[in-house]
Amino acid sequence: MNKIRCCFAYLMLIFLSCILYSCEDKIFEVPNTPSNGSELFDAFWVKMNTNYVYWDIDSTDWDKIYDTYKPKFENLDITQSSDLTQAAQYFQEITKGLIDSHFSISFINPLIPRYTIFPALARKQSNPGFHQHINYYEMDTTYLDDDYQVATSYSTSYGPVTLLSGTIENRFLFFSCTGFALYELYNSNTPNPVQKTLNAFFSKLSNLPDNIKGIIIDVRGNQGGDLGDLNFFVGHFVDRPLHFGYTQTKSSNGRLNFTPWINAYVNPEPDGKKIDIPIIILADIYSASMAEAVVMAFKVFPKCTFIGETTWGATGPLIETDVYNAGQFTVEGFFNVTTASCKFKYLDGRIYEGIGFPPDITVPFNENITINKKDTQLEKAISVLK
């Protein structure tokens, strides 16, 4: 996996003019296209200084980074592949502790092609509980009743998406998706199998048969996608706005200049209906970004239980570049930087960025799962509903 697909899309604001040097006091110009190592470092440091939304809680000493690495970059000739490779190694050192789990640097310079820095992935790979990405839907069809539906679409803005929907033991409604591009596919003018699967699920959800005693929503391995799916999908489960947290972004270029916290809601769909039966949501270490927002929104439901593993920890939304004064930027000719547009704080007042949202019932990944085709996390969900 080269890069987690965030809402993991590249959607942020670009600053190309005079910006702050230190926290508030000094100002200098940053060239659009750096011509030497010093300008390359300045362009990155300044834009991070203004665009990064976690400076009030991140432990990285950004001023110390300047003092330490500015002289190192001054000695680099960035027209040489070896020196640009050294610069990339410095950027990896500089960013290794950033808590933004969306954060990545993707190099676009031909002297260092196909090179990506992704600190959150590097950290997680060193964790004892780290495991490979699993497509659970391939084994979970064995748990579903025979009339289940599975649909895959490759033509989305966020990569391939597979849906699996049906019932288990004719008692529990089941739905899983590997990525969030549901609204896009549902409203596409080009017919696709996802539309049929979604219609079947939403139809059953709005008219729950008496035999359905619980619902299982599975976002394991789901690395995010379209933020609009939050209302589109979860909005089918509510009949009024659901308050599930707060967002905050930058108010100006000052490093510590933030807006007030603003309530975050899931708004109901026109045919949304209050669901009052038990809901189990399954998520794992690869559930990221929009998938985490879905988990946290469902956890507000009084009859919801989260089973599985602590999520990825990329909770800060990525929003269109013309919406917020923060987020993604480009250092022309060298790299693109992906970083959250705003912070998200859950209803409990905690920020789970870089930490991940913890399950109510932890069921660790089973190393033998791909051999035995036995989904212990789904089996736990079924047992809890019984």
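Is Arg114 buried or exposed? Keep that one in mind while you read; this is a predicted model, and here are my notes on it.

1. **Arg114, an odd backbone angle.** Let's settle the opening question: Arg114 is exposed, with a relative accessible area of 78%. The cut-off for calling a residue exposed is over 50%, so Arg114 earns the label at 78%. You'll find Arg114 in the loop that runs between strand E3 (104-107) and strand E4 (116-117). What makes me point it out is the backbone: phi is positive there, about 55 degrees, even though Arg114 is not a glycine.

2. **Ser289, another positive phi.** Have a look at Ser289 too, where phi is near 60 degrees, again a positive value in a residue other than glycine. Ser289 also sits in a loop, the one between strand E11 (279-283) and helix H9. Is Ser289 buried or exposed? It is buried, since its relative accessible area is 5% and buried means under 20%.

3. **Helix H2 and its kink.** Helix H2 covers residues 62-74, which makes 13 residues. From its first C-alpha to its last it reaches 18 Å, close to the 18 Å expected at 1.5 Å a residue. Don't picture a perfectly straight rod, though: H2 has a kink of about 30 degrees at Thr68, shortly before the proline Pro71.

4. **What H2 packs against.** Which residues of H2 are buried? They are Trp62, Ile65, Tyr66, Tyr69, Lys70 and Phe73. Try reading those numbers with a helix in mind. An α-helix has 3.6 residues a turn, so residues three or four places apart point the same way. The buried residues of H2 pack against two other helices, H1 (37-51) and H3 (81-95).

5. **Leu40 in helix H1.** Moving over to H1, pick out Leu40, which lies in that helix. Leu40 counts as buried, at 0% relative accessibility. Leaving aside neighbours within four places in sequence, Leu40 is in contact with Pro34, Phe73, Ile78, Leu84, Ala87, Phe91, Val331, Phe334 and Phe335. You've met one of those already: Phe73 is among the buried residues of H2. For a sense of scale, try the distance from Leu40 to Tyr115: they are 75 residues apart along the chain, and their C-alpha atoms are separated by 17 Å.

6. **Val234 in helix H8.** Val234 is found in helix H8, and it is buried, with a relative accessible area of 0%. What does Val234 touch, leaving aside its neighbours within four places in sequence? Its contacts are Asp229, Val266, Val294, Ala297 and Phe298. If you click on Val234 and Ile351, you get two residues 117 apart in sequence and 21 Å apart in space, C-alpha to C-alpha.

7. **Asp271, in a loop.** Asp271 sits in the loop between strands E10 and E11. It is partly exposed, with a relative accessible area of 44%. Asp271 and Phe118 are 153 residues apart in sequence, and 40 Å separates them in space, C-alpha to C-alpha.

8. **The largest pocket.** How much space lies in the largest pocket? About 400 Å³. Its lining is made of 29 residues, and Leu227, Leu230, Thr247, Ala264 and Pro317 lie nearest its centre. Helix H8 (229-234), strand E9 (242-248), strand E10 (262-266) and helix H9 (290-298) each give two or more residues to this lining. Sorted by class, the lining has 16 nonpolar, twelve polar and one charged residues.

9. **The second largest pocket.** This pocket has a volume of about 260 Å³. It is lined by 16 residues, and the closest to its centre are Val238, Lys274, Ile275, Phe301 and Pro302. Here the classes come out as eleven nonpolar, no polar and five charged.

10. **A closed space.** Rolling a probe the size of a water molecule over the atoms shows where empty space is left. The count comes to one cavity of 30 Å³ or more, with about 90 Å³ of space in it. Of the 13 residues that line this cavity, Tyr136, Tyr137, Ser176, Thr178 and Arg220 are the closest to its centre. Helix H5 (137-140) and strand E7 (172-177) each give two or more residues to the lining. By class, the lining divides into four nonpolar, six polar and three charged residues.

Technical notes. Residues numbered from 1 in each chain as written. Predicted model: local features only at pLDDT ≥ 70, side-chain atom pairs only at ≥ 80, totals over all residues. Heavy atoms only, no water. 1 Å grid on protein atoms, 1.4 Å probe; cavity = no way out; pocket = protein on both sides within 12 Å on 5 of 7 lines; lining within 4 Å. Points joined across faces, edges and corners; volume = space filled by probe spheres on them. Helix = DSSP H or I, 4+ residues; strand = E, 2+ residues; numbered from the N terminus. Nonpolar A, V, L, I, M, F, W, Y, C, P; charged D, E, K, R; others polar. Expected span 1.5 Å × (residues − 1). Bend = angle between axes of the 7 residues up to and from the residue. Buried < 20%, exposed > 50% of the residue type's maximum accessible area, 1.4 Å probe, protein only. Contact = heavy atoms within 4.5 Å.
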